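Dear colleague,

I am passing on the structure below, together with some notes on what turned up when I went through it. Please look at it first and then read on.

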Amino acid sequence: MKKTNLTLALLASGMMLSSLATAQEKTPPPMKPEATEFYTPVPPRVTPGANNTAPPSDAIVLFDGSNLNGFVSARDGSSPAEWTIENGELVVTRGKGDIQSKIPFGDAQYHVEWSAPTEIVGEGQGRGNSGFFLMGLYEVQVLDSYESKTYTNGQAGSIYKQFPPLAMALRPPGEWNYYDIIFKAPRFNKDGILTSPATVTVLMNGVLVQNHVVLRGPTEYIGIPNYKAHPEELPIKLQDHGNPVRFRNIWVRKL
């Protein structure tokens, strides 16, 4: 009886090994290149600008040097913006207050060029200070911190009071700097609860200074930022901090 069982066990084992060997011999047919290719959706065609900072064909141009039609006063959101235009450049006019875009934006790609005053006045946050506020709430700092000491999360290229720049690629006062910004707006549910925070990527003069950082909330000068529910799209804002900072070539692509 034991001999019979042993024989049966050996036969079963042999059959199993034979089956495994056969399975190993049967390799799947090679995958064709077409198996990992798809043809839809087709990306929309966008004609790039004539140079690396010029607006592409699908951009919304907020300021091209000719007029302030793209902006209003941020004090009431409707009266004309009172900053001045000199030689095609938008100049912060002290005491006239912040200005904001007429068009609201959410997820977007931004391009903005700015120049700090050549007349050096003040130090730290009092020198060549302005700001580019995404949705009017989340500030990418504009500041002459070329050779001026201030807190690192308040330097040019910082997400103000939240994230210092990864590098300082600022040009001297009087020369033009540019920011390229990729912004993902925060999301809130129907009860006003945050479901997805805002994220920002910033390049300063072609150098990455903010790498997809997750914002902690709207910009606060004093205190800890906390999200509060707001619309999916809001105007951008440029800050009047009392310094004659200049802007040019401001455009946006909605994403």
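Please keep in mind throughout that this is a predicted model.

I begin with the aromatic rings. The count comes to 8 aromatic pairs, and one of them is formed by Y138 and F183, whose ring centres are 5.9 Å apart and whose planes stand at 35 degrees to each other. Planes under 30 degrees apart would count as stacked and planes over 60 as edge-to-face, so the pair of Y138 and F183, at 35 degrees, is classed as tilted. This pair links distant parts of the chain, since Y138 belongs to strand β8 (residues 138-142) and F183 to strand β9 (residues 177-184), with the two positions 45 residues apart. Y138 is buried, because its relative accessible area is 1% and the cut-off for buried is under 20%; F183 also has a relative accessibility of 1% and therefore counts as buried. Ring pairs further join Y138 and F183 with F188 and Y227, so that the four form a cluster.

Two other rings have a charged side chain over them. R216 lies over the face of F163, at 4.7 Å from the ring centre, while the charged end of R248 is placed over the ring of W176, 4.1 Å from the centre of that ring.

Strand β8, which holds Y138, also takes part in an open sheet of 5 strands, arranged in the order β2-β5-β14-β7-β8 with antiparallel pairing. Its edge strands are β2 (71-73) and β8, each of which pairs on one side only, and neighbouring strands of the sheet are turned against each other by 30 degrees on average, with direction ignored. Within this sheet, strand β7 (residues 130-134) pairs with β14 in the antiparallel sense over 2 bridges, and F132 stands opposite L238 in β14.

One loop residue also deserves a look. Where is N243 found? N243 is located in the loop between β14 (234-238) and β15 (246-254), and it counts as buried because its relative accessibility is 11%. The side chain of N243 reaches the backbone nitrogen of N129 at 2.8 Å. Leaving aside neighbours within four places in sequence, N243 is in contact with V92, G126, R127, G128 and N129.

With best regards

Notes:
Residues are numbered from 1 along each chain as its sequence is written. This is a predicted model: local features need pLDDT of at least 70, side-chain atom pairs count only at pLDDT 80 or more; totals for chains, interfaces and linings use all residues. Side-chain values use heavy atoms; hydrogens and water are left out. Rings of Phe, Tyr and Trp (its six-membered ring) pair if their centres lie within 6.5 Å; planes under 30 degrees apart count as stacked, over 60 as edge-to-face and the rest as tilted. Helices (H or I, at least four residues) and strands (E, at least two) are DSSP runs, numbered from the N terminus. Buried means under 20% relative accessible area, exposed over 50%, partly exposed in between (1.4 Å probe, protein chains only). A charge sits over a ring if NZ of Lys or CZ of Arg is within 6 Å of the ring centre and within 35 degrees of the ring normal. A polar contact is a pair of N or O atoms within 3.5 Å; within protein, one must be able to donate a hydrogen and the other to accept it, and residues adjacent in sequence count only if both atoms are side-chain atoms. Contact means heavy atoms within 4.5 Å. Two strands pair if DSSP finds at least two bridges between them. Axes are lines fitted to C-alpha atoms, for helices over the stretch in contact, and angles run from 0 to 180 degrees between N-to-C directions.
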